[in-house]
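Good morning, colleagues. Please take a moment with the sequence and the structure before I begin.

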Amino acid sequence: MRLLHTSDWHLGRSFHRESLHDAQRAFLDHLVAVVRDRGVDAVLVAGDVYDRALPGLEAVALFDDVLHRLAGLGVPTVFISGNHDSARRLGVGAGLIGRAGVHLRTDPGECAEPVLLADEHGPVAVYGLPYLEPTLVRERFGLARGGHAAVLGAAMEQVRADLAARPAGTRAVVLAHAFVTGGEPSDSERDIAVGGVAAVPASLFDGVHYAALGHLHGCQTLAPHLRYSGSPLAYSFSEHEHRKSMWLVDLAADGEVTAERVPCPVPRPLARLRGRLDELLTDERYTADEQSWVQATLTDPSRPSEPMERLRRRFPHTLQLLFEPEETAPAASSYAARVGGRTDLEIAEGFLRHVRPGAEPDPQELDWLREGFERVRETTDRKAELPR
């Protein structure tokens with residue numbers, strides 16, 4: 001059986017205020033073409049369909065369109081909700097939509113109710129485990145306490161119990177949305193540590209033939225049967241080295257897995273540039289980045305004038321500007337060492353120089369500082385003289 005594993009579409013998300021609507025539509029066109037042209041038997045979408053619980057109308061329209069197109073191909077599709085989705089909203093009409101072969105698994109109570117598929121080698125049970133927030137689902141799984149590992153472990157126990165009751169040779173596939181130990185995160189995933197330890201052990205997925213994971217945005221393999229597809233688009237500059245893709249997974253008669261990465265369309269490459277402004281504006285090394293989405297980190301000792309405007313003359317798609325001035329002297333080993341032997345006024349003057357590199361405090365500012373310290377000193381002295 002050939003499975004297409006994808007996740008973390010985040011429909012409706014932008015990239016540093018740059019709309020990704022057209023890029024997301026192009027990805028969904030690509031996904032449908034892969035399903036049609038590569039002989040896909042089932043599509044697995046491992047959560048975070050939307051970027052927020054209340055998606056905008058454009059995002060909903062994209063989702064509605066791809067549902068109709070996948071149903072039109074007659075290829076079963078299984079979705080689970082992720083931590084960005086509203087499980088209740090995503091699951092509206094699940095029973096009716098399921099009749100068209102599009103299966104929305106958003107209810108924690110349905111973890112052990114698989115979508116049953118079959119090929120010439122026999123049955124394949126596809127279990128959809130939506131994102132399980134510990135504080136909301138502990139009671140449902142009979143747990144008094146515990147975090148992500150506990151609730152996901154309880155869900156997997158239900159899966160294994162159901163699988164054990166099925167005909168011998170039934171192959172098992174699980175969709176889950178979680179941070180599995182050994183995975184490599186990026187900056188664009190929302191933290192799921194609330195409610196317990198964020199990471200869960202890979203051993204939770206023992207006993208199944210393939211686990212299609214979602215949540216981490218980088219495509220990665222934790223074991224032959226345990227993979228993240230990653231997001232189809234980059235959603236932070238920390239993903240500038242990612243090669244966005246989906247997994248085309250072939251599940252053999254004995255459950256053995258072989259997988260191929262299918263690249264996703266790239267709307268515009270990402271570039272992270274670092275250096276002094278004049279260097280970035282003139283160095284030929286950066287010619288290839290002129291049409292990229294750019295994050296520029298300026299290391300000039302003092303803030304240049306109009307840096308964003310000047311950068312955009314060469315890099316018109318500069319989206320993020322950071323400042324990390326070069327160190328002009330070795331840093332002290334601690335705050336105490338840096339301020340040792342200095343008066344309060346000198347420390348305050350040093351703070352002003354630190355937050356405004358290259359600019360000295362003006363006389364009026366120094367007068368205000370002196371007046372402020374004097375008033376504090378007078379107040380402290382009067383309190384010390386009061387009887388206890």
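**Strands, sheet and cores**

Let me start with a single pair of residues: leucine 273 stands opposite alanine 296 in strand E18. The chain passes from E17 through helix H7, residues 277-282, to reach E18, and this β-α-β crossover is right-handed. Strands E17, residues 270-275, and E18, residues 293-298, run parallel and are joined by 6 bridges. I should say at once that this is a predicted model.

I turn now to the N-terminal strand E1. Is E1 enclosed or open to its surroundings? Of its 5 residues, 2-6, 4 are buried, so the strand is largely enclosed by the rest of the structure. E1 runs antiparallel to strand E15, residues 245-251, with 4 bridges between them; here arginine 2 has aspartate 250 as its bridge partner. With strand E4, residues 42-46, E1 pairs in the parallel sense, again over 4 bridges, and leucine 3 stands opposite alanine 42.

The next topic is an open sheet. It consists of 6 strands in the order E7-E8-E9-E12-E14-E13, with mixed pairing. Its edge strands are E7, 115-119, and E13, 220-223, each of which pairs on one side only. On average, neighbouring strands of this sheet are turned by 20° against each other, direction ignored. Within the sheet, E9, residues 171-177, and E12, residues 210-214, pair in the parallel sense over 5 bridges, and valine 174 has alanine 211 in E12 as its bridge partner.

Helix H6, residues 148-164, lies across E8 and E9, and runs at about 160° to E8. Does its length agree or disagree with the expected span? The 17 residues of H6, at 1.5 Å a residue, should span 24 Å, and because the end C-alpha atoms are 24 Å apart, the two agree. The buried residues of H6 include His148, Leu152, Met156, Val159 and Leu163. Among the elements that cover the buried residues of H6 are E8, helix H5 (134-137), E9 and strand E11 (199-200). As general background, residues three or four places apart in an α-helix point the same way, because there are 3.6 residues a turn.

This brings me to the nonpolar cores. The largest has 31 residues, of which Tyr127, Leu129, Leu152, Val174, Phe205 and Leu213 touch the most other members. E8, H6, E9, strand E10 (179-180), E12 and strand E14 (226-228) each supply at least two residues of this core. Which element gives the most? H6 does, with 7 residues. Leaving aside neighbours within four places in sequence, phenylalanine 205 is in contact with ten residues' worth of surroundings that include Leu152, Met156, Val174, Ala211 and Leu213. Apart from this core lies another, of 29 residues, including Trp9, Tyr50, Leu62 and Phe79.

I close with two backbone details. Most residues other than glycine have a negative phi. Aspartate 48, although not a glycine, has a positive phi of about 55°. Aspartate 48 lies in the loop between E4 and helix H2 (57-73), and its relative accessibility is 1%, so it counts as buried. Histidine 215 also has a positive phi, near 120°. Its place is the loop between E12 and E13. Is histidine 215 buried or exposed? At 4% relative accessibility, histidine 215 counts as buried.

Definitions and conventions
Residues are numbered from 1 along each chain as its sequence is written. This is a predicted model: local features need pLDDT of at least 70, side-chain atom pairs count only at pLDDT 80 or more; totals for chains, interfaces and linings use all residues. Side-chain values use heavy atoms; hydrogens and water are left out. Two strands pair if DSSP finds at least two bridges between them. A crossover is right-handed if, with the strands pointing away from the viewer, the path from the first strand over the helix to the second runs clockwise. Buried means under 20% relative accessible area, exposed over 50%, partly exposed in between (1.4 Å probe, protein chains only). Axes are lines fitted to C-alpha atoms, for helices over the stretch in contact, and angles run from 0 to 180 degrees between N-to-C directions. Contact means heavy atoms within 4.5 Å. A nonpolar core is a set of buried Ala, Val, Leu, Ile, Met, Phe, Trp, Tyr and Cys residues joined through side-chain atoms within 4.5 Å. The expected span of a helix is 1.5 Å times one less than its number of residues.
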